[in-house]
Amino acid sequence: MERYIAFDIGDRRIGVAVSDPFNSYALPSSTYVRTGFSRDIPALVAMIKEKGATQIVCGLPVNADGTPSVQTEKTERFICALEEATGLKIFREDERYTSLAAHEQLYEGGKRAKEHKKYVDALAAASILDSFLAKLKKQGEKS
């Protein structure tokens, strides 16, 4: 059975989420603090193995109108390096507004702004994965 892991790739941190055993929903997992491209890729590969993931989903940041941005290009380079390191095709999922939604969720949960850094990236990754899993489910219902 497939197990999905999702990454919300930022310049300083990478949010991590994993699917439940039935791929019904995403669970925020952790936030990886980046230490340099050459160390980040092996660290994520180890995380993928540790979580038993067989499929990878990465958030792709684009402008509000859907066009690529400078951040899109940086993220694509990272995704390509991760694909090469894992030998897996990585699914890209539009991540527009996921961080904003994660911040709102934290405010509603009573977390102060200072505390958000610990949680926001993993919540954004979970949002990315939930969106991807919902599309998979919809495709499965059509076939």
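Leaving aside its neighbours within four places in sequence, which residues is Ser69 in contact with? In this predicted model, Ser69 is found in the loop between S4 and H2, and its contacts beyond that sequence window are with Pro61 and Asn63. Ser69 has a relative accessible area of 16%. Because the cut-off for a buried residue is under 20%, Ser69 is classed as buried.

The chain contains four helices and five strands. Read from the N terminus, these elements follow the order β-β-β-α-β-α-β-α-α. Of the 143 residues, 39% count as buried. Among contacts with a separation of 6 or more, 62% are made by residues 24 or more positions apart. The exposed area of the chain is about 8100 Å², of which carbon and sulfur atoms supply 54%.

Strand S1 is largely enclosed by the rest of the structure, since six of its six residues are buried. In a regular strand, side chains alternate between the two faces of the sheet. Tyr4, Ala6 and Asp8 point one way from S1, whereas Ile5, Phe7 and Ile9 point the other way, and all are buried. S1 pairs with S4 in the parallel sense over four bridges, with Ile5 opposite Ile56 in S4. S1 is also joined to S2 by five bridges, and these two strands run antiparallel. In this second pairing, Ile5 stands opposite Val18 in S2. The connection from S1 to S2 is a hairpin of three residues.

S2 is in turn joined to S3 by seven bridges in the antiparallel sense. Val16 stands opposite Ser30 in S3. The hairpin of S2 and S3 has six residues between the strands, and within this hairpin Asn23 takes a positive phi near 55 degrees.

Helix H1 comprises the 15 residues 37-51; at 1.5 Å a residue it should span 21 Å, and its end C-alpha atoms are 21 Å apart, which agrees. The buried residues of H1 are Asp40, Ile41, Leu44, Val45, Met47 and Ile48. These residues lie on the same side of H1, because they cover an arc of only 160 degrees around the axis. An α-helix has 3.6 residues a turn, so residues three or four places apart point the same way. The face of H1 turned away from the buried side carries the exposed residues Ser38, Lys49 and Glu50. The buried residues of H1 pack against strands S1 (4-9), S2 (13-19), S3 (26-33) and S4 (55-60), and against helix H2 (70-86). Just after H1, Gly52 takes a positive phi of about 70 degrees.

Helix H2 has 17 residues; at 1.5 Å a residue the expected span is 24 Å, and the end C-alpha atoms are 25 Å apart, which agrees. Thr72, Thr75, Phe78, Ile79, Leu82 and Glu83 are the buried residues of H2. Their arc around the axis is only 145 degrees, which puts them on the same side of H2. Val70, Arg77 and Glu84 are exposed and are carried on the face turned away from the buried side of H2. The buried residues of H2 pack against S1, S2, H1, S4 and S5.

In soluble globular proteins, nonpolar side chains tend to be buried together. The largest nonpolar core in the model has 20 residues, and those with the most contacts inside it are Ile5, Phe7, Leu44, Cys58 and Leu82. The elements giving two or more residues to this core are S1, S2, H1, S4 and H2. H1 gives the most, with five residues. A second, separate core has 11 residues, including Ala17, Ala125, Ala126 and Phe132.

Strand S5 (residues 90-94) contains Glu93. Glu93 is buried, with a relative accessible area of 3%. Apart from neighbours within four places in sequence, Glu93 is in contact with Val57, Cys58, Gly59, Leu60, Ile128, Ser131, Phe132 and Lys135. Among these contacts, Cys58 is also one of the residues with the most contacts inside the largest nonpolar core, while Phe132 is included in the second core.

Methods
Residues are numbered from 1 along each chain as its sequence is written. This is a predicted model: local features need pLDDT of at least 70, side-chain atom pairs count only at pLDDT 80 or more; totals for chains, interfaces and linings use all residues. Side-chain values use heavy atoms; hydrogens and water are left out. Buried means under 20% relative accessible area, exposed over 50%, partly exposed in between (1.4 Å probe, protein chains only). Contact means heavy atoms within 4.5 Å. Accessible areas come from the Shrake-Rupley method with a 1.4 Å probe; for residues, only the protein chains shown count as cover. The expected span of a helix is 1.5 Å times one less than its number of residues. The arc is that of the directions from the helix axis to the C-beta atoms. Two strands pair if DSSP finds at least two bridges between them. A nonpolar core is a set of buried Ala, Val, Leu, Ile, Met, Phe, Trp, Tyr and Cys residues joined through side-chain atoms within 4.5 Å.
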